[in-house]
Every structure is written in structure tokens, then in C-alpha cells.
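Visitor: I have the sequence and the coordinates open, and I would like to walk through the strands, one loop and the way the chains are arranged. Could you guide me with the cut-offs stated as we go?

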Protein chains: 2
Amino acid sequence: MTAQDISLLGFALLGLVQQKPVSGYDLRKIFTSTPMGTFSDSPGAIYPALERLEKRGLIRSVIEEGSGLRRRRLFHLTPAGTVALKQWLQKPITRGDVARRINEILLRFAFSDRVLGNAGAIALLQDLQQELVAYIPTLKVSVRQQADVMPLSGALALISGIKQYESLLAWTRLAIATYQQRQSPRKRAKKGPAAS
Amino acid sequence: MTAQDISLLGFALLGLVQQKPVSGYDLRKIFTSTPMGTFSDSPGAIYPALERLEKRGLIRSVIEEGSGLRRRRLFHLTPAGTVALKQWLQKPITRGDVARRINEILLRFAFSDRVLGNAGAIALLQDLQQELVAYIPTLKVSVRQQADVMPLSGALALISGIKQYESLLAWTRLAIATYQQRQSPRKRAKKGPAAS
DNA sequence: CGATACATGTAAGAAGTTACATGATTGT
DNA sequence: ACAATCATGTAACTTCTTACATGTATCG
């Protein structure tokens, strides 16, 4: 009965609500102003999705008291919501995830250290790294096999995909190193990872 | 009346049908066996999408004669379909495309040299390059601004996005160079681009 | 007083997902 | 005869998109 039929947008909402109680409006702002917007940024998707999550008991809402502004409905995660979120975060990473649902993996990673701790985040990265190492060579083979039956731009588009995966693989190494440094900080560097 | 309400899957089909007449089954095989599968690979999406395209007069089908196998319905592009495809391929690339619809851009590129010629493919690459050059710095700024209000994994996920864009930018340079080399081939190199 | 930002929603329609149905042909 | 592959489709369901509706509070 732990029905996992929650959309990506639903999980994105679950993960954000977990970080701290927020309103639908707050959530929408996050979606419109960050790359998370790929999971939809329209009220016509967000409010119904929140309703569904509440109906399933994964989040609860309370109308914010006091203030003078229009009523804000603040959502927070329930224990059942935490369980669902953890289950999603801990699902093993498959070939299909890497081939077709790479944003879902990145979304899961984005929430993983708050929910599962550093160890959980590192585990996900290592899983991903392993799948990438296995997957990339198969992509290269298929480009070589198909390059002559498609237009040059088709072949180049495939190559762009390969390069994106290679860049992601390089990033997993950076990210793992960042976490390891955080856990054994010989010299404390005050700030996080560099943006380039 | 040139209603542009065609889904991404629809355009993917249009582009493939343009290359040579194919059946729904052929198309499905392409989707299940290549990264194009991100645009859906289920018969429940493909057959209805083909039907819609045919109703709009963008493709036509004929039942393949002869043979002995079950009837195959072969689709080919109509002149109206060519027009619609060209219009889509030539749409200017916007910030929003780069931020949220990068697969659509790559899909467009994949078809552009067959439909628009080398010059069209190069134009698209240059457009994309220009948008990337403008967009990437804004992403870096927003990471720096937000990095302290989000978990480390959140910040790292954003950085992974930046790195993907940087890798795409590097690829545009490779792709442009490949086309320029093709147009002025001092020494003919027989084969296409290297897969790594 | 009008514009803007805050804040939540709904309705109609398009398009995808999963699962099933159907049928022909080929190989064992 | 049976399984596998070729080949096309349909039905139920879910969810997203676009566009609209509603209402409060603040600022100039």
C-alpha cells in the first residue's frame, strides 16, 4: 500500500516541504526562479499536486494565523511523507534511470543529504558513478554503429549526449570528493564547492 | 492557421518521417533503441500522435503493397509537413529554450542539416552558443547567491547543471568546426566526428 | 485610486502512461 | 502446434498546460 505513484513534481514538492514548512506560493516561486522549474511551475500543476499529497497523508497543512496578509496555507511533511521520501531517495539506480530519467536522479541527490545524511548522498553518487561508467561505453558503441545511417547533425547530437554524460561523471567525482572533505576536514575551508 | 500545437513527440516523428518513409513500428524501434526514447516509446503515444499528424495533413500514409507480412502503413511527409518542420527548426532560440527545453533544441539540431542544409545547422549552433554564453554566467551568479540557503547536495546539483551547460557549449564549438571542415575540405577525411 | 505583489484556486482540454487486444508470419 | 517477432491499435487513467477567477494588502 505504499503506492509509489507520485509524479516527479510530487516528489519535488515533498523534498522542498521537508526542508521547512512552506506555502504553495513559496513553492511556486522556487520553481519559477530556479532550474527546478523543469518540473513545472504553474499553479494549475502545483496546487492540485499538493492536494493529492495531502489526501495521501504525506503532507499536512495549517492556515497560518496572525499576520494581516491573505491566509497562507503552510504545508509540512508527515511521518508517512518522510517514509515515502526516503523510499524514493533510496531506490537503486538503474540503467533506465540513467538513460532516460537523469533529472530525477539529480533531484533525488539534491534532497539526499538533508534526508539521509552525508552517507546517503555519497551512496547515491557512487551508485550513479557506477552506472555511468557502465553506460557511457555502450553509447559510444551505438554511435559508431549508427553514425553512417544518419545525418551528420544526428550523429553530433548523439555525441553531445555522450559528452553530457561524461561531464556528469566528472561531476560525481567532484561531488564525492567534496563530501569526503566535509567529513574529514583537516583544514576547515569555510565555504562550499566552487561554481566552476 | 499554421497552428504550432504539435508536441515534441510529434516533431520527433515529423523529423524521422522526413528522412525516409517509415512505419509506426519502425519509428517505435528507433525510440526504444536510441536516446530519442526520451520523447516516449510507447505505442499508446506513437500511433495516436501519427494519427493527429495525418489529420492535420502533415504526413500521409499508404499501405505497403506486395510482400507477405502483415500490412505496414508507411508514412511520408507532405509539403505542409515540410513547411511545419522548417518553421519549427528555424524558430529563434530563446533563453527559456536553453533553460528548460534543451532537449528540444538538440532534437531540432539533429534534423536541421537534412532539412535546412549545412548552413541551417551552423546557424542553429551559433544561436545556441550565443544563448549559452549569455546564460551560464547568470546561473553561476544565482548559485553563489543561493548556495548558503540550501543543503550542500542542492548546491552541488545546481553546479552539475552548470557543468552540463559548459559541456554543451564546448560541444557547440566542436560541432561548428566539424561543419566548417566539411564545407572546405582541404584534405578529405573519410569519416565523421570522433565519439570522444 | 490604480498598479503591483501576495496568495489560492478551478475548468477545459491535450497528451502521455500502462496494460491489454488483435492478428499475421516465420521458425522449431 | 506453439512461441517469437512483426505490426497496429484501443481504453482507462493520470497529470500537465493554458487560461481564467478571486480576493487582500501595500505603495505611490
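Visitor: In which sense do E1(A) and strand E3 (residues 73-77) of chain A pair, and over how many bridges?

Guide: This is a predicted model, in which local features need pLDDT of at least 70 and side-chain atom pairs count only at pLDDT 80 or more, while totals for chains, interfaces and linings use all residues. Residues are numbered from 1 along each chain as its sequence is written, chains are lettered from A and ligands numbered from 1 in the order in which they are written, and side-chain values use heavy atoms, with hydrogens and water left out. Strands (E, at least two residues) and helices (H or I, at least four) are DSSP runs numbered from the N terminus, and two strands pair if DSSP finds at least two bridges between them. E1(A) and E3(A) pair in the antiparallel sense, over two bridges.

Visitor: Which residue in E3(A) stands opposite Ser23(A), and which strands form the edges of the sheet in chain A?

Guide: The sheet of chain A is open, with three strands in the order E1-E3-E2 and antiparallel pairing. Its edge strands, each pairing on one side only, are E1 (22-23) and E2 (59-63) of chain A. Opposite Ser23(A) stands Leu74(A).

Visitor: In chain B, over how many bridges do strand E2 (residues 59-63) and E3(B) pair?

Guide: E3(B), residues 73-77, pairs with E1(B), residues 22-23, in the antiparallel sense over two bridges, and there Val22(B) stands opposite Phe75(B). On E2(B), Ile63(B) stands opposite Arg73(B) in E3(B). The pairing of E2(B) with E3(B) is also antiparallel, and the number of bridges is five.

Visitor: Is Ser40(A) buried, partly exposed or exposed?

Guide: Ser40(A) lies in the loop between helix H2 (24-33) and helix H3 (43-55) of chain A, and has a positive phi of about 90° although it is not a glycine. Buried means under 20% relative accessible area, exposed over 50% and partly exposed in between, with a 1.4 Å probe and protein chains only. At a relative accessible area of 24%, Ser40(A) is partly exposed.

Visitor: Which residue of chain A comes closest to the rotation axis?

Guide: A rotation of 180° with 0.0 Å of shift along its axis superposes chain A on chain B at an RMSD of 0.0 Å, the fit being by least squares on the C-alpha atoms of residues with pLDDT of at least 70 in both copies. The two copies are therefore related as by a two-fold rotation axis. The residue of chain A that comes closest to the axis, at 2.8 Å (C-alpha), is Gln164(A).
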